[in-house]
Amino acid sequence: MEAIVYEEFGGPEVLRHATGVAVPEPGPGEVRVRVAAVGVNPVDWKRRYGWVEAFYPTTFPAVPGLEFAGTVDAIGEGAGGAGDGFPGLAVGDEVLGWTKTGSYAEYAIAGIVAPKPAELSWEAAASLPVAGETAQRVLDLIGVREGETLFLHGAAGVVGSVAVQLAVAAGITVVGSASESNHAHLRELGAIPVAYGEGLAERVRAAAPDGVDAVFDAAGHGVLPVAIELLGGEGTADKRRIATIAATDAAEYGITFSGVTGDPDAVRAALTAQARQAVEGTLAVRIADTLTLKEAARAQELSESGHVRGKLILLP
């Protein structure tokens with residue numbers, strides 16, 4: 001099969017397009033999918049650099065990619081039964097989810113999957129798993145609930161924009177930071193936009209004069225001291241109500257870095273619901289561009305630039 005492979009940590013140049021890669025065989029209780037679309041995420045290039053080994057250990061040669069949409073191609077012995085993680089799954093079923101073996105490939109062994117609605121495009125389906133799961137996991141982690149106010153740093157990014165939609169739907173007031181060019185988009189999603197940069201804490205306070213109850217950092221860039229300040233300052237802030245998916249120095253501030261998926265059954269149920277919401281038009285992920293699998297290095301460069309509005313999708 002064709003796949004993107006890397007054999008050492010480094011920049012985009014370590015990625016190579018390979019042919020003749022062995023097709024992974026599903027073991028007992030495993031399912032293989034033929035990949036139709038791949039979502040590109042910041043964690044892909046962070047793993048390539050070796051920055052998140054504590055959460056995603058790498059074995060070389062490695063195939064990048066966490067999420068996909070595709071068709072069930074083969075089912076290992078005992079898979080597809082109740083309680084095995086793939087209940088009722090059959091060859092030919094269209095699914096979206098996570099892979100154990102890397103999604104930048106024609107075939108992959110599935111991790112957690114949910115059914116893909118027929119009305120949902122492959123590109124839209126591949127854009128949901130990581131953003132939807134991450135957004136819901138962090139909102140649950142910081143315990144933000146109806147009637148409260150959330151500050152979401154990096155609200156116009158893919159994860160951020162999904163988190164805005166989920167929070168607003170739950171009756172939560174969202175103040176979201178983004179570049180000026182994305183403020184109109186955030187208003188459309190129901191958030192109160194504020195600009196990045198110096199004076200951020202003051203702008204958030206002006207947007208939420210009664211204060212904020214929790215902070216979700218989806219962008220990093222040194223915002224954790226601001227988060228602590230917004231919740232009352234060092235020694236007063238309840239740091240359990242702050243979480244980041246971007247600041248790898250979170251432990252130095254006593255703040256949780258959330259990088260691991262939750263309970264598989266809960267994740268599957270949430271993804272199933274989010275896929276249906278996407279079909280109904282109540283949850284949207286912007287697709288920035290689609291590229292071929294051979295353009296994976298370019299896709300990661302674009303993602304790393306931080307200037308992409310929406311999700312990058314690879315088509316094997």
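This passage describes the overall form of one chain and then some of its local features. The model is predicted.

The chain has 316 residues. Its secondary structure consists of 9 helices and 14 strands. Along the principal axes, the C-alpha trace spans about 55 × 40 × 35 Å. The radius of gyration is 19 Å, which agrees with the value near 20 Å that a compact globule of 316 residues would have. Of the residues, 53% count as buried. Contacts between residues distant in sequence are well represented: among contacts with a separation of 6 or more, 67% link residues 24 or more positions apart. The accessible surface comes to about 13400 Å². Carbon and sulfur atoms hold 51% of that surface.

One helix pair was examined in detail. Helix α3 covers residues 129–141, and helix α8 covers residues 264–280. The two pack at an angle of about 115 degrees. Their axes lie 10 Å apart. The crossing of α3 past α8 is right-handed. On the α3 side, Pro129, Gly132, Glu133 and Gln136 make the contact. On the α8 side, Val267, Leu271 and Gln274 do so. By class, the residues of this contact divide into 3 nonpolar, 3 polar and 1 charged.

The loop after α8 was considered next. Gly281 is located there, between α8 and β13 (287–292). Gly281 has a relative accessibility of 59% and therefore counts as exposed, since the cut-off for exposed is over 50%. Gly281 is separated from Phe151 by 130 residues in sequence. In space, the C-alpha atoms of Gly281 and Phe151 are 25 Å apart.

Two features of the backbone remain. Most residues other than glycine have a negative phi, and most peptide bonds are trans. Against this background, two sites are noted. The peptide bond joining Phe60 and Pro61 is cis, with omega of about -5 degrees. Pro61 is placed in the loop between α1 (42–49) and β4 (67–75). The second site is His221, a residue other than glycine whose phi is positive, near 60 degrees. His221 also belongs to a loop, the one between β10 (214–217) and α7 (224–230). With a relative accessible area of 79%, His221 is exposed.

Terms used:
Residues are numbered from 1 along each chain as its sequence is written. This is a predicted model: local features need pLDDT of at least 70, side-chain atom pairs count only at pLDDT 80 or more; totals for chains, interfaces and linings use all residues. Side-chain values use heavy atoms; hydrogens and water are left out. Axes are lines fitted to C-alpha atoms, for helices over the stretch in contact, and angles run from 0 to 180 degrees between N-to-C directions. Helices (H or I, at least four residues) and strands (E, at least two) are DSSP runs, numbered from the N terminus. A crossing is left-handed if the near helix is turned anticlockwise from the far one by less than a right angle, and right-handed if clockwise. Contact means heavy atoms within 4.5 Å. Ala, Val, Leu, Ile, Met, Phe, Trp, Tyr, Cys and Pro count as nonpolar, Asp, Glu, Lys and Arg as charged, and the others, Gly among them, as polar. The radius of gyration is taken over C-alpha atoms; the globule rule is 2.2 Å times the number of residues to the power 0.38. Buried means under 20% relative accessible area, exposed over 50%, partly exposed in between (1.4 Å probe, protein chains only). Accessible areas come from the Shrake-Rupley method with a 1.4 Å probe; for residues, only the protein chains shown count as cover.
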